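Work through the following exercises on ring geometry and side-chain burial, using the displayed coordinates alongside each solution.

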Amino acid sequence: MYILPQPTRCLKLLCVLQTCMLCLGVSQIAFLMTLIVTPEVGTAMFFLWICAIFFCFSGNFALIPTATNRCFGSQYFSMNYGLVFTANAVTTPIGAMLSSTLAEPLGWFGMFCVLSGFTLAGLMLTYFFSAKQPDGKDV
């Protein structure tokens with residue numbers, strides 16, 4: 001079994017992690033923007049689209065712990081990931097209030113566009129994010 005040198009393995013993992021995050025985000029935008037046409041096709045397509053959107057959403061919960069560990073190290077991983085995960089506790093009520101306020105004036109497609117815009121902002125952050133380890137090396 002061939003074992004890659006450590007820097008090459010880290011670079012490969014980072015590329016895979018970033019690629020996975022980008023693919024999840026693009027998929028989520030595609031499913032959100034086409035969700036509006038699912039009633040015309042049938043309930044089976046609506047069911048598949050909702051499952052796909054939640055698959056994309058859940059994929060972040062699988063990838064963010066790895067990203068947190070790579071960026072901040074494993075020594076204080078539990079505290080750092082706890083802080084990252086706490087963002088969900090803050091943003092969920094804000095998202096609920098925003099969606100209840102904006103749903104009527106914007107309509108469903110407008111809400112899907114807003115969600116896609118937030119996902120696109122996350123994609124931009126993912127693409128341009130560059131973290132350094134304490135010794136100055138790239139993560």
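**Exercise 1.** Determine how many aromatic pairs the whole structure holds, and classify the pair formed by Phe31 and Trp49.

*Solution.* A search of the whole structure, which is a predicted model, returns 7 aromatic pairs. For Phe31 and Trp49, the ring centres are 5.2 Å apart and the planes meet at 90 degrees; since planes over 60 degrees apart count as edge-to-face, the pair is assigned to that class. Phe31 belongs to helix H1 (residues 6–34) and Trp49 to helix H3 (residues 43–72), so the pair ties together parts that are 18 residues apart in sequence. Phe31 itself has a relative accessibility of 23% and therefore counts as partly exposed.

**Exercise 2.** Classify the pair of Tyr81 and Phe85, and place both residues in the secondary structure.

*Solution.* The ring centres of Tyr81 and Phe85 are 5.9 Å apart with 40 degrees between the planes, so the pair is tilted. Both residues lie in helix H4 (residues 77–128), where a spacing of 4 residues corresponds to about one turn of the helix. Tyr81 counts as buried at 18% relative accessibility, whereas Phe85, at 41%, counts as partly exposed. The two also belong to one aromatic cluster, together with Phe57, Phe61 and Phe77.

**Exercise 3.** Decide whether Ser116 is buried or exposed, and list which residues Ser116 touches beyond four places away in sequence.

*Solution.* Ser116 is found in helix H4, and its relative accessible area is 6%; because buried means under 20%, Ser116 is buried. Leaving out residues up to four places away in sequence, Ser116 touches Ile29, Leu32 and Met33.

How values were computed:
Residues are numbered from 1 along each chain as its sequence is written. This is a predicted model: local features need pLDDT of at least 70, side-chain atom pairs count only at pLDDT 80 or more; totals for chains, interfaces and linings use all residues. Side-chain values use heavy atoms; hydrogens and water are left out. Rings of Phe, Tyr and Trp (its six-membered ring) pair if their centres lie within 6.5 Å; planes under 30 degrees apart count as stacked, over 60 as edge-to-face and the rest as tilted. Helices (H or I, at least four residues) and strands (E, at least two) are DSSP runs, numbered from the N terminus. Buried means under 20% relative accessible area, exposed over 50%, partly exposed in between (1.4 Å probe, protein chains only). Contact means heavy atoms within 4.5 Å.
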